[in-house]
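User: I am new to this structure and would like to learn how to read its features one at a time. Could you take me through them slowly?

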2 protein chains.
Amino acid sequence: MSQSAPAVNANANAVNAEPTRMSRTSIATVCLAGTFEEKMRAAAEAGFDGIEVFEPDLVASPLSPEQVRDLAAELGLTLDLYQPFRDLEGVEESVFQDNLRRLEGKFQLMQRLGVDLILLCSNVGTATSWEDEVAVDQLRRAADLAAGYQIRIAYEALAWGRFVNTYEHAWSLVEQADRPNLGVCLDSFHILSRRGDVSGFRAIPGEKVFFVQMADAPIMLMDVLSWSRHHRNFPGEGGFDLVTFMRELYATGYTGPISLEVFSDIYRQTESVRTAREAMRSLQWLDDAQAGEAPTHPTGWDFAEVRAAEPADLAEVLTQLGFEDHGRHRTKDVHLFSAGHARVVTNDRTEAPLEHAGGSVIASIGLQVPDPRTTADHARALHYPKAWRANRADEMVLRGVQAPDGTEVFLAPTSAAAPQWVAEYGRNDGGRVAGAAAPRDAGAGTEPAGVVAGDGLILGIDHVNLAQPWQWFEEGVLFYRSLFGLEAQVSNDVPSPQGLVRSEVMRTPDGAVRVPLNLIPHGLDPGRSSTTRTVTGQIDHDELRLKAAYPQHVAFLASDAVEVARRARARGLRMLPVPSNYYEDLAARFALDEAFLAELRENDVMYDRDEGGEFLHFYTRTVGTVFFEVVERRDGYEGYGAGSAPVRLAAQYDLDRQ
Amino acid sequence: MSQSAPAVNANANAVNAEPTRMSRTSIATVCLAGTFEEKMRAAAEAGFDGIEVFEPDLVASPLSPEQVRDLAAELGLTLDLYQPFRDLEGVEESVFQDNLRRLEGKFQLMQRLGVDLILLCSNVGTATSWEDEVAVDQLRRAADLAAGYQIRIAYEALAWGRFVNTYEHAWSLVEQADRPNLGVCLDSFHILSRRGDVSGFRAIPGEKVFFVQMADAPIMLMDVLSWSRHHRNFPGEGGFDLVTFMRELYATGYTGPISLEVFSDIYRQTESVRTAREAMRSLQWLDDAQAGEAPTHPTGWDFAEVRAAEPADLAEVLTQLGFEDHGRHRTKDVHLFSAGHARVVTNDRTEAPLEHAGGSVIASIGLQVPDPRTTADHARALHYPKAWRANRADEMVLRGVQAPDGTEVFLAPTSAAAPQWVAEYGRNDGGRVAGAAAPRDAGAGTEPAGVVAGDGLILGIDHVNLAQPWQWFEEGVLFYRSLFGLEAQVSNDVPSPQGLVRSEVMRTPDGAVRVPLNLIPHGLDPGRSSTTRTVTGQIDHDELRLKAAYPQHVAFLASDAVEVARRARARGLRMLPVPSNYYEDLAARFALDEAFLAELRENDVMYDRDEGGEFLHFYTRTVGTVFFEVVERRDGYEGYGAGSAPVRLAAQYDLDRQ
């Protein structure tokens, strides 16, 4: 694959010493928004080798077939496939004759376009009784007609095909028809949505696989037709095992193009150049993944940066939580607070959209990676835009990359010690009110001196919860997966007073980095972000306003959440109040010790339990729209507090309305 | 039902001479957005008699059970049901003992709330093997425990219940358990989503039906759990036959409350008072419909009113289509154009949001009804806001009502002659450029003199296509159904370059009035309309901007669409260009006569065919965002041109970008 990222680190499980790579990339025009011409230009701009011509796009276009052919040549795109042709085979002879007439019209059109491969979908409508022999004979006659036009036919089993709905069945018919210009098309959606067994690919000679269409999809329980038409997404954005699909495909000897065919309600509304780039990125990820090249995982958190309309309020809350105030940066208008390995930078630059929304945002996060340069190179290969901050010559420069939602992600080397950049902060903050510095005391911490800050109860950052505008949610999943190897856990819908929030946690296998992504309900969308978003990936004011209007948070891991809560309250922290009904319900759900329950209740600490472990956590009130959480994980509890998110959202909404 | 609308006109098919009416109305708090207190206040404000307490709403609320009880009393609401309790029955004895402990905790809570009925859902999780006898015994023991608290239990079969998923099965267990405080809850979603047979209700004595939950839903193919949790809607908004459900329910002798339980992604994001009013309206419609009282159908179109940033452009297009210019209104800044029975009023008031969007809107429509006063009274009974225009004493006053999307609907008496208000227009328009008046000529029309205007080819309005912000789409369906008896046809998704457009045609049985409603893709939503929409129903600037940003149109019925197109082109009309590829595809689909195809192509006229009839139609270019269509229906063709909408949307998008 020409745009492939440099090899990152070879995975021991790679199937071959020299893995097969994608020879050519293609994309169906239906994946992209806009006019046919815009779709073609977007595909070319993103570096695709070719496109599939989706007939309804051509029909609606003012470009003649000859103009399409010329434009493709000018853009350096091949026209790989004309699609779809429907309901040809398994029909009565009189119907078949009319079908051949329709088909021949398409062959003539394809000659004008210069396309030599047509996609034939298995019959979903007009076949009312079925005999394989009839279909084989009709496929053979269609192939013979096509041969006169030097055209090849790729036969595809639709998942909802009336009689033919598995690739094994489609291949059986093609094999029996036995014509050199008749082969199969393998579509990952149609196969994996029915939980097909891809190991059967090996029964098909590679040269009889005429085309391959790739799509991912979230695992959903719905009729497969609607799932297919509305909810496909690009490889790496969904839940299908496409890596095994690719490996089994290559085992056939297939060397043709890998094409994307994604029907998506979301991408239909997204600017085409942006979608095309995301599409290409998804193939780069897939190509690397099937070759056994996984991105290196981040090893931990470096920092989180919060920008708020009221930075002094942030400083107050952090110091109440036991964070040490390291003062202002030498040259920039930012302050550093730390507790254990948890570092929070507060940014004092306020901007119009933030003030307008009365909000705040998590502007950036810092991740520790084994080699920042390698990760940054990988980000560049995936065409993620760079994140950049002005630096003086003597300051540490962190490489950075911009996530699809506009959050900047900075890359620091893995280190158990405090990072060098901490030294750039001093207490010379010129009279800024930042709350009293937290007293150091023994606490429960066992961290090495020089790293531990605060009172030792807070150990580090546990997770950072980022709000995602609905248009970029799936791109966010691919971003954290392709660049950092984070994997998605099962998503769930959290009810809030303003709508359902879809939440999906992206995390490293060891849990060192966890990034829950929350899809913001449409009703909170302040505007046409999908159309105003710039192609370069710069976040625009509408989106900043959207993110600032929706709660996001940083969660800190503590050795004793109740003790952190108790001390913070003594320092005047305003916690998010937990309703008394919550504790009564807790008592009904778990048989908890009375004294323990009272302790939770007194400190507004919430509780959950899973198979082996326990979870204690509390929330601060929001500063603008950002808030903090303190979590304690006992005995390997892996969740985030079942049932607490709706209570939190209700409490935040309630306070917001007061 | 206390807020019931006055009887409109008795339907001959009514089952009883004295139909049963709803005795009490109730609504589950999960139907409404906001805090628990907001939900309660909204339900009371909308006139509900009671509510179902949805446990997660209570858990997340800062109100204590006693405060909830007091607030309900203050608001005049009864607390009809506590719900849900899950996974009680059909389990091992040790699990059952723990379940009883949980259940008793809920009974104590219910006593504090003052609720005496609990909803018990059939087991979906913990029942791993099943014998009816075990479940019967456990239900009986639970009922005996409840009896000590004077509490009743309503057992409901969830559609996805592991062993019990039909009301017949649930009733069989309840009947065997044989306890006076154990009955069933009938939920329309759980029954109709599985295509249950409601005639079996008659086997249940009415006094054993402890509760009834009503929800409608669009007919969808998806797993029933997701369908239930995300896509329910209020009676009259969806596709279930709830009228038969109600009649069969009353046949049991049931006299208890009719409660709404609607889980909806949309209503979760809608202001609670607005939703509560819509909910109450849906019960009013249902109550009337089951009693055999249907609203009177409109008999035809009176007019359509368009407001555009550039009114002179509208005048030009209409005169090119053959409309006669009747000049300006005596006192208002509006002009009238007519052709046959088609009347279009152009409104010259431009407003800031329109100019901002560069758009135009269909501001109002006029419908002819047998008795405007009756329809207006019905609208008031349903609490639809009034539409009103200032009038002088000597001017005709049309009663009006505001549709959920803000479109004003005015009511005129049925009449074959031109309405009186036409006389209020004169040609004294003070030098306004309105294009040349159209010449009258013979044409193909056969309309009586004095009514026909224009050149006789255009006969009247065929349909008016209204864009619906996604938040109000379902309310739009209920509006046209409850007030005018329009019925929804099957909806379909139309691909456009900017996203899928869901379209649903509301029409009278005779086709005299057809109103296609188009759901605008989220991506075009310019703002938080759901939160800024005022409760009184006044359209706000954001929504006007949204509607103005999306194409809407008025379609005229013609006797000869090609001839209208030919004359209009001669008068300089700029048609929406139809791509040549469209005609090539048409030739491939239908074996059309060459000369006929050439005639269509020359005039940018599109074509479709169904079982018996043919459809010819063309579009004008947009003025702002409003455009016109001319349609010819041959031999009873009933559709709107399959395949033409995507081509139109692409062409409009294309022109927009030029």
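Analyst: The turns below go through cysteines, annotated positions and strand pairing in this predicted model.

User: How many disulfides are there over all chains?

Analyst: The general idea is that a disulfide is a covalent bond between the sulfur atoms of two cysteines. In this model the count over all chains comes to 0 disulfides. The sulfur of A:Cys31 has its closest cysteine sulfur in A:Cys185, 13 Å away, which is too far for a bond. A:Cys185 is in no disulfide either, since the nearest cysteine sulfur, that of A:Cys121, is 8.2 Å away.

User: Are A:Cys31 and A:Cys185 buried or exposed?

Analyst: A residue counts as buried when its relative accessible area is under 20%. A:Cys31 is buried at 1% relative accessibility, and A:Cys185 is buried with a relative accessible area of 4%.

User: Which residues does UniProt list for "binding site"?

Analyst: The unreviewed UniProt entry lists A:Glu156, A:Asp187, A:Gln213 and A:Glu261 under that heading. Although these residues span 106 residues in sequence, no two of their C-alpha atoms are more than 13.1 Å apart, so they gather at one spot.

User: Where does A:Glu156 lie, and what is A:Glu156 in contact with beyond its neighbours in sequence?

Analyst: A:Glu156 belongs to strand E5 of chain A, which covers residues 152-156, and with 2% relative accessibility A:Glu156 counts as buried. Leaving aside neighbours within four places in sequence, the contacts of A:Glu156 include A:Cys121, A:Cys185, A:His190 and two other residues of the UniProt list, A:Asp187 and A:Gln213.

User: Where does A:Asp187 lie, and which residues are in contact with A:Asp187?

Analyst: A:Asp187 is in strand E6 of chain A, residues 182-187, and A:Asp187 also counts as buried at 2% relative accessibility. With neighbours within four places in sequence left aside, A:Asp187 is in contact with A:Glu156, A:Gln213, A:Arg232, A:Phe245 and A:Glu261. In addition, a polar atom of the A:Asp187 side chain lies 2.7 Å from the backbone nitrogen of A:Phe189.

User: Now I would like to read strand pairing. Which strands pair with E25(A)?

Analyst: Strands of a sheet pair through backbone hydrogen bonds, either parallel or antiparallel. E25(A) shows both kinds: strand E22 of chain A, residues 552-558, runs parallel to E25(A) and is joined to it by 6 bridges, whereas strand E24 of chain A, residues 614-619, pairs with E25(A) in the antiparallel sense over 6 bridges. Within E25(A), A:Val626 is the bridge partner of A:Gln552, and A:Glu629 is the bridge partner of A:Tyr619. Strand E25 of chain A, residues 626-634, is mostly covered, with 8 of its 9 residues buried. In the hairpin of E24(A) and E25(A), 6 residues lie between the strands, and A:Gly624 takes a positive phi near 65°.

User: What is the order of the strands in the open sheet of 8 strands, and which strands stand at the edges?

Analyst: The order in chain A is E14-E15-E13-E9-E12-E11-E10-E16, and the pairing is mixed. Strand E14 (399-402) and strand E16 (425-426) of chain A stand at the edges, and because each has a single partner strand, one side of each is left without a neighbour in the sheet. Elsewhere in the order, strand E10 (residues 324-329) and strand E11 (residues 334-339) of chain A pair in the antiparallel sense over 4 bridges, with A:Leu336 as the partner of A:Gly327.

User: Which strands does helix H13 of chain A lie across?

Analyst: Helix H13, residues 372-381 of chain A, lies across strands E13, E14 and E15 of chain A, and runs at about 150° to E15(A).

Methods
Residues are numbered from 1 along each chain as its sequence is written. Chains are lettered from A and ligands numbered from 1 in the order in which they are written. This is a predicted model: local features need pLDDT of at least 70, side-chain atom pairs count only at pLDDT 80 or more; totals for chains, interfaces and linings use all residues. Side-chain values use heavy atoms; hydrogens and water are left out. A disulfide is a pair of cysteine sulfur atoms within 2.5 Å. Buried means under 20% relative accessible area, exposed over 50%, partly exposed in between (1.4 Å probe, protein chains only). UniProt positions are given in the numbering used here, feature names are shortened, and annotations may be inferred rather than shown by experiment. Helices (H or I, at least four residues) and strands (E, at least two) are DSSP runs, numbered from the N terminus. Contact means heavy atoms within 4.5 Å. A polar contact is a pair of N or O atoms within 3.5 Å; within protein, one must be able to donate a hydrogen and the other to accept it, and residues adjacent in sequence count only if both atoms are side-chain atoms. Two strands pair if DSSP finds at least two bridges between them. Axes are lines fitted to C-alpha atoms, for helices over the stretch in contact, and angles run from 0 to 180 degrees between N-to-C directions.
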